[in-house]
2 protein chains.
Amino acid sequence: MARLSHCLQPHFSPVHLVAYRRLLHVELTAERYAVKRGPFASITKKDLNIFQSIVGPDHVLEGKDVDAFNTDWLRTARGQSQVAVRPRTTKEVSEIMRYCNDRKLAVCPQGGNTGLCAGSVPVFDEVVLLLSRMTTVEKVDPVSGVAVCEAGVVLESLDRTVRRDGLIVPLDLGAKGSCQIGGNVSTNAGGLRLLRYGSLHGSVLGVEAVLADGTVMDCLSTMRKDNTGYDLKQLFIGSEGTLGIVTRVSILCPPKPRSVKVAFLAVPTWRDVLNVFRSAKQELGEIMSAFEFLDNHSMEVHSRNPNMKVRNPIGASPFYVVIETHGSNAAHDDEKLHQALESTMGQGFVTDGTVGASETQCLELWSLRERIAESLTHDGYCYKYDISLPHDIMYDVVLECRERMGNLATTTVGYGHIGDSNLHLNVTSPEYCKEIMDLLEPWLQEVTGKHNGSVSAEHGLGFKKKDQIFFSKSQEAVTQMQLLKKVFDPNSILNPYKTIPASE
Amino acid sequence: MARLSHCLQPHFSPVHLVAYRRLLHVELTAERYAVKRGPFASITKKDLNIFQSIVGPDHVLEGKDVDAFNTDWLRTARGQSQVAVRPRTTKEVSEIMRYCNDRKLAVCPQGGNTGLCAGSVPVFDEVVLLLSRMTTVEKVDPVSGVAVCEAGVVLESLDRTVRRDGLIVPLDLGAKGSCQIGGNVSTNAGGLRLLRYGSLHGSVLGVEAVLADGTVMDCLSTMRKDNTGYDLKQLFIGSEGTLGIVTRVSILCPPKPRSVKVAFLAVPTWRDVLNVFRSAKQELGEIMSAFEFLDNHSMEVHSRNPNMKVRNPIGASPFYVVIETHGSNAAHDDEKLHQALESTMGQGFVTDGTVGASETQCLELWSLRERIAESLTHDGYCYKYDISLPHDIMYDVVLECRERMGNLATTTVGYGHIGDSNLHLNVTSPEYCKEIMDLLEPWLQEVTGKHNGSVSAEHGLGFKKKDQIFFSKSQEAVTQMQLLKKVFDPNSILNPYKTIPASE
């Protein structure tokens, strides 16, 4: 395996790094981390025949064809699966699971593989179960706003479909072009507009999921209210495929706004970022749909990666804020936004800014925030943290982290969702460096725990963070989760090594 | 027990009925329904001493003092408990539960006892656990909008408290003056503004609950995003105290609107009710906070109960609609509302209407909708149904029901939450009448199931509806619920005979 020196100095030529990164051989997860294969069966020729009889011979992938599904989007984890199956229907998913459960074959369900904690790639030789052929949008009701679709529908494609009926999907995130709604539900993806449209625990009305033993759990209500027994579907939201495989989803879609506005603002201090937030909440009220921030270090990552083609349209500043509004009356929204900007500029909270004058301009402004994760990958290895913290100390953590890194890291950036108290703290280096990791962990989790934050706000725990659960959850809670896991998946075949620590 | 003729004719003198109702001896639940006491221990003198040592002698109620907690608000169910305990702290709740679990004493937790399915009153001699002394609002953060409080805080009182910090509780319902937030969470109460502020599954950020064995489950996050492991708190939302006793809640409160408007409209047909809804969604967009309806039969119940003191301020009409807006700019809201009313009246969807000119007037308009449940109780016995149905067939069910009732019932009314597809179908008669009941059930549940609706939209199943679960949930789902119940409460001591059928 090609290796640079143990830990390169920062500010390498970006072009060099990009070229280098593409060549990088991703270390095997099983080698990088101390993890032992579970007591599962291994795939035989007969198993392959059975899979082929269920999904058809074209939809059982083997060997090299499975490579892409073994490595995560960040290229930080690599499994060793030799088989991936692509069912078309819930019935096929059910048959595969029933068979795997009887055979004690471990299964790793995978949606768009855009997760950031290696939750959707195998660790050892789990059977990869791809939902990508389940792409039917079955129903969109323009009056109630409810859409029903299969799990493999790509988020952006679902959004495009419901827009024809005057609706939007309540969820929006950078990976929308590849991520699938089943994966979004399984990871309880948060995204850019949670502030306005709430979490999936509120907007997902129903879920159909296949349990480890093949049982089809039909909780696919399309009613906004249904208080008949325990709300089982909630357990599939955010459990990362460890309790069941989401096969269909019913989701409440808000009306498509008649007017969308985006402002990109320069803000001199963290205190002022919070002042702008408070002011925007008051002046924009019900039309605010997003309130995001990035720091100047995030902006620099864009500018030293010229092929990213995102440019800062305003003067340099320690912080930048993206405010978006969704409203039903353009004139009212204009007036509210104008009032909010006047008020924040008048008080000196904002020093410069621009408002998108067209849809294209709005998208360009959004890309400054949305494409940071992508820009960061050009640096080489990215240490990603996604934490919830109280507003007042949120950026102190970024500053302290940067200080800890000294010259070791290429960069330390902070960006994220102010509206949801959600910070994305990212550190990059040309390649994985244990020294950096030791400075980051468990320091960061301890700080987060100390402030009653969450060590994973929206990314989930997946493989990489499952041992961090105790920084945000009590032993009693984790024990209860382990008991639930036993009920839903007695043989522990569903997405093993992920989300919660295995029970003894 | 005093009894009128088996089934009285409708339109009795209301005053007579009120007087009669007050005298009504409520039949024992155990006598009216075929239900067998579970294999629980019975309270002894020693148990009482232990309870007294935990909560203090003043807070263990016995005999006559327990009467009020044995009967539900609707006076349709009556338990036989001889003991109620009133803990002050989570620790005391935990000690009581640990003791009861060891002794196999059944426990019925009770909040404000405003539930409509007899979920909060004992069936036999369960120990009633009252949360009414746990009334501390511990924290309100005006920036994040998060409030943390104990379970016994009355909803209206919590709302009053958070309003001081410019916030409102996202939940509002007719019983707000008595219901407690812990009970609201345990029943997943929906209410009048779910349309705007979403369900408690989205707005409750954290729950502290005590399990059957006394374990304190601390899932009391105050962060809007927390994806660390399974979202256990969701299981306590809507499980009616059968999986754990909610002791503390953290809830996201939206900003207090600067402008509140209420319109009360006369609408000639059901089709027009839906037309007005569609139009209001478009014109009012993000400021619409409620869209409710009542039929003329609901209005008549008010007028024949003059002591209710609610009067129709507009012309008689087959249907009435209440539209409320919550906004941040009064001028904008006025303009939007004006436009919406002009559009709906211009198209003939609305024939008459009034807009509240003051806070008092707005409250008066609201009371026409909010106090229907109360007015109905003056008729004697009320058969209450709370169902989710697709909009287009929703009122057909009311019409068909009225026809089925013929002369048997005093009245058959339909009202509810158009925005949430939630119909309250109510039938009254001077006293409980089996003939009526046999015409209502299972006909209504079958119709609801046939249209993929929910047999309990927001009231829960409690005691009275637990056997109806199969009309809205599959056998597989109910089996899974029974397995969860076993994990959380192996001895089945928590609120027995409720919510889900007991497993074999």
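Biologist: What makes Cys382(A) count as buried in this predicted model?

Modeller: Cys382(A) has a relative accessibility of 6%. Buried means under 20%, so Cys382(A) goes into that class.

Biologist: And why is there no disulfide at Cys382(A)?

Modeller: A disulfide needs two cysteine sulfur atoms within 2.5 Å. The closest cysteine sulfur to that of Cys382(A) is in Cys401(A), 11 Å off, so that is too far for a bond.

Biologist: What about Cys108(A), is that residue buried or exposed?

Modeller: Buried, with a relative accessible area of 0%. The sulfur of Cys108(A) has its closest cysteine sulfur in Cys100(A), at 12 Å, so a bond is out of reach there too.

Biologist: How many disulfides does the structure hold over all chains?

Modeller: Zero.

Biologist: OK, on to charges. Why is the contact between Arg193(A) and Asp172(A) called a salt bridge?

Modeller: The cut-off is 4 Å between a side-chain nitrogen of Lys or Arg and a carboxyl oxygen of Asp or Glu. Here the closest N and O atoms are 2.6 Å apart, so the pair passes. Arg193(A) sits in the loop between α7 and α8 of chain A, and Asp172(A) in the loop between α6 and α7, so the salt bridge ties together parts that are 21 residues apart in sequence.

Biologist: Are those two buried or exposed, and how do you know?

Modeller: Arg193(A) has a relative accessible area of 12% and Asp172(A) has a relative accessibility of 9%. With the line drawn at under 20%, both are therefore buried.

Biologist: Which residues are linked with them in a network of salt bridges?

Modeller: The network links Asp172(A) and Arg193(A) with Lys176(A), Glu324(A) and Glu370(A).

Biologist: What makes Glu208(A) and Arg248(A) a salt bridge?

Modeller: Their closest N and O atoms are 2.9 Å apart, and the limit is 4 Å, so they qualify. The pair links distant parts of the chain, with Glu208(A) in strand β7 and Arg248(A) in strand β9, 40 residues apart.

Biologist: Why is Arg248(A) called partly exposed?

Modeller: Partly exposed covers the range between under 20% and over 50%. Arg248(A) comes in at 23%, so that is its class. Its partner Glu208(A) is buried, at 6%.

Biologist: Which residue does Glu150(B) meet in a salt bridge?

Modeller: Arg88(B), at 2.9 Å from N to O. Glu150(B) lies in strand β6 of chain B and Arg88(B) in the loop between β2 and α5, 62 residues apart. Glu150(B) is buried at 8%, whereas Arg88(B) is partly exposed at 26%.

Biologist: How many salt bridges are there over all chains?

Modeller: The structure holds 50.

Biologist: How do you know that Glu403(A) is exposed?

Modeller: Exposed means over 50%, and Glu403(A) has a relative accessibility of 70%, so the label fits. Glu403(A) is found in helix α16 of chain A, residues 391-405.

Biologist: Which residues gather with Glu403(A) in a patch of negative charge?

Modeller: Asp392(A), Asp396(A) and Glu400(A), on the surface.

Biologist: Which residues are buried in helix α16 of chain B?

Modeller: Among them are His391(B), Ile393(B), Tyr395(B), Val398(B), Cys401(B) and Met405(B). Right after α16(B) comes Gly406(B), with a positive phi near 50 degrees.

Definitions and conventions. Residues numbered from 1 in each chain as written. Chains lettered and ligands numbered in written order. Predicted model: local features only at pLDDT ≥ 70, side-chain atom pairs only at ≥ 80, totals over all residues. Heavy atoms only, no water. Buried < 20%, exposed > 50% of the residue type's maximum accessible area, 1.4 Å probe, protein only. Patch = residues over 30% accessible without salt bridge, like charges linked within 9 Å, V, L, I, M, F, W, Y side chains within 5 Å. Areas by Shrake-Rupley, 256 points an atom, 1.4 Å probe, with all protein chains shown as cover. Lys, Arg positive; Asp, Glu negative; His and termini not counted. Charge placed at Lys NZ, Arg CZ, Asp CG, Glu CD. Helix = DSSP H or I, 4+ residues; strand = E, 2+ residues; numbered from the N terminus.
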